[in-house]
Amino acid sequence: MDCKESKLKDIISSQECKTLTEAIARSKNVVIVAHTAPDGDAIGSSLALGGVLKSLKKRVTLIMPDALPKSITFLKGAEEIKIYKNAVEECNSIISFADTIFCLDFNESKRVDLMQDVLLSSSAYKVMIDHHIYPSDFCDLVISYPEISSTSLLVYKILNQLNLTKYVDKSGAEAVYTGMMTDTGNFSYNSNDADIYVVISELLQKGINKDEIYRIVCNTSTLDKLRLNSYAISEKMEIISNKGVAIINLSRKELNHYSYQKGDTEGLVNVPLGIEGVNVSIFFREESGYVKVSLRSVGDYAVNTIASELYNGGGHKNAAGGEFFGTMSDAVKIFKENIENYIK
Ligand code: 5GP
Ligand code: MN
């Protein structure tokens with residue numbers, strides 16, 4: 001689709017547009033990096049941008065700190081993504097040859113985990129395209145729009161402004177849609193922006209099957225996964241009803257009992273929000289050496305402050321996360337002790 005035909009509103013400033021256009025024009029060897037535990041948005045936005053840059057004859061490599069969730073691997077090009085943890089030397093060498101690095105869907109260099117040092121020490125021109133609040137300043141060009149629901153939507157809107165959406169093919173459109181869908185809980189939160197639906201309309205015209213993408217991403221449960229999630233809800237969920245808070249925690253032993261695979265508890269934290277009167281949901285998962293914390297809320301309850309002040313993390317108002325370096329019982333205890341400060 002040509003820019004002039006699109007009903008999409010512009011997002012980036014003319015200065016950002018000019019600087020980004022120049023950066024793309026002079027780039028030859030491009031690396032696209034996204035955050036650790038990459039999700040649909042991190043992967044979708046990276047594949048979409050990567051596809052367009054390849055059409056512009058750039059040499060493009062996508063590198064993610066660690067493995068992709070199985071539910072997202074259907075996207076075309078996902079199999080070519082390098083996993084840093086599994087190929088440190090090779091990835092370091094590719095990064096050393098990069099003249100331009102795009103940092104997608106993260107706002108702080110620590111979000112790339114083991115890749116942080118090599119990213120920071122690279123002399124490549126770095127461009128951040130992201131939608132998390134408080135972007136740090138490790139990139140040369142920072143394009144940060146927290147009001148946009150997904151980095152995938154932001155990438156598409158930027159491509160539209162640069163008159164490049166004509167290079168988004170069906171696979172790229174599937175990637176954009178997947179990111180938009182997963183970061184809005186299938187368009188159930190952060191999803192009142194009319195441009196979302198203008199973009200979906202354009203993506204449908206590029207041939208995506210949105211119903212099938214939903215089925216592939218959301219309906220790929222294993223029996224163990226379903227049983228683990230059912231167990232978590234029926235046996236491990238605690239409701240603090242006077243606060244409208246739900247708490248779930250799963251120990252390593254419990255996870256192992258259900259042959260936990262990475263991604264198996266994705267979405268679990270959202271489930272308690274379906275209970276009338278529950279406005280905040282927190283989920284603790286024991287990892288080796290730390291506890292991974294996920295928070296979700298509805299309305300005006302800002303869970304990113306809880307994530308940053310108690311759990312070394314951050315995120316968005318209604319979806320945030322972090323890590324607790326201590327025992328499970330202390331992770332839960334600190335939340336309960338501080339609940340009064342955050343939830344009135
Ligand atoms: P999830 O609960 O799905 O892991 O993460 C939800 C959102 O919280 C992510 O999109 C991200 O914005 C943020 N988030 C999750 N974990 C962390 C973390 O460890 N650090 C920071 N800064 N943000 C996180
Ligand atoms: Mn995102």
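Start by selecting ligand 1 and G314: a nitrogen atom of the ligand sits 3.3 Å from a polar backbone atom of G314. Keep in mind as you go that this is a predicted model.

**Stop 1: the other polar contacts of the ligand**

Now add G321 to the selection. One of its backbone N or O atoms is 3.2 Å from an oxygen atom of ligand 1. Next, show H132 as sticks; here a polar side-chain atom comes to 2.7 Å from an oxygen atom of ligand 1. If you switch on a surface, you will be looking at a ligand with 490 Å² of accessible area on its own, of which the protein covers 84%.

**Stop 2: the shell**

Which elements give two or more residues to the shell around ligand 1? Colour strand 10 (290–297), strand 11 (314–315) and strand 12 (319–324), and you have them. Strand 12 supplies the largest share, with four residues.

Expand the selection to the whole shell and you should see 14 residues, the closest being H132, K292, S294, R296 and A320. Coloured by character, the shell splits into eight polar, four charged and two nonpolar residues.

Then zoom out and colour by domain. Domain 1 (14–217) and domain 2 (223–342) each contribute residues to the shell, so ligand 1 lies between the two.

**Stop 3: N107**

Select N107 next, in the loop that runs between strand 4 (100–104) and helix 4 (116–121). Is this residue buried or exposed? N107 has a relative accessible area of 10%, so it counts as buried, the cut-off being under 20%.

Follow the side chain of N107 to the backbone oxygen of I133, 2.8 Å away. Beyond its neighbours within four places in sequence, N107 is in contact with M128, D130, H132, I133, Y134, P135, S136 and F138. You have already met H132 in this list, as one of the closest residues to ligand 1.

**Stop 4: K236**

For the last stop, go to helix 9 (residues 223–236) and pick K236. With a relative accessible area of 19%, K236 is also buried.

What does the side chain of K236 reach? Draw two distances from it. One goes to the side chain of E254, a polar contact of 2.9 Å. The other runs from a polar atom of the K236 side chain to the backbone oxygen of N249, at 2.9 Å. To finish, show what K236 touches when residues up to four places away in sequence are set aside: Y231, I247, I248, N249, L250 and E254.

How values were computed. Residues numbered from 1 in each chain as written. Chains lettered and ligands numbered in written order. Predicted model: local features only at pLDDT ≥ 70, side-chain atom pairs only at ≥ 80, totals over all residues. Heavy atoms only, no water. Near = heavy atom within 4 Å. Polar contact = N/O pair within 3.5 Å; in protein donor to acceptor, adjacent residues only side chain to side chain. Areas by Shrake-Rupley, 256 points an atom, 1.4 Å probe, with all protein chains shown as cover. Nonpolar A, V, L, I, M, F, W, Y, C, P; charged D, E, K, R; others polar. Domains from an automatic or database assignment. Buried < 20%, exposed > 50% of the residue type's maximum accessible area, 1.4 Å probe, protein only. Contact = heavy atoms within 4.5 Å.
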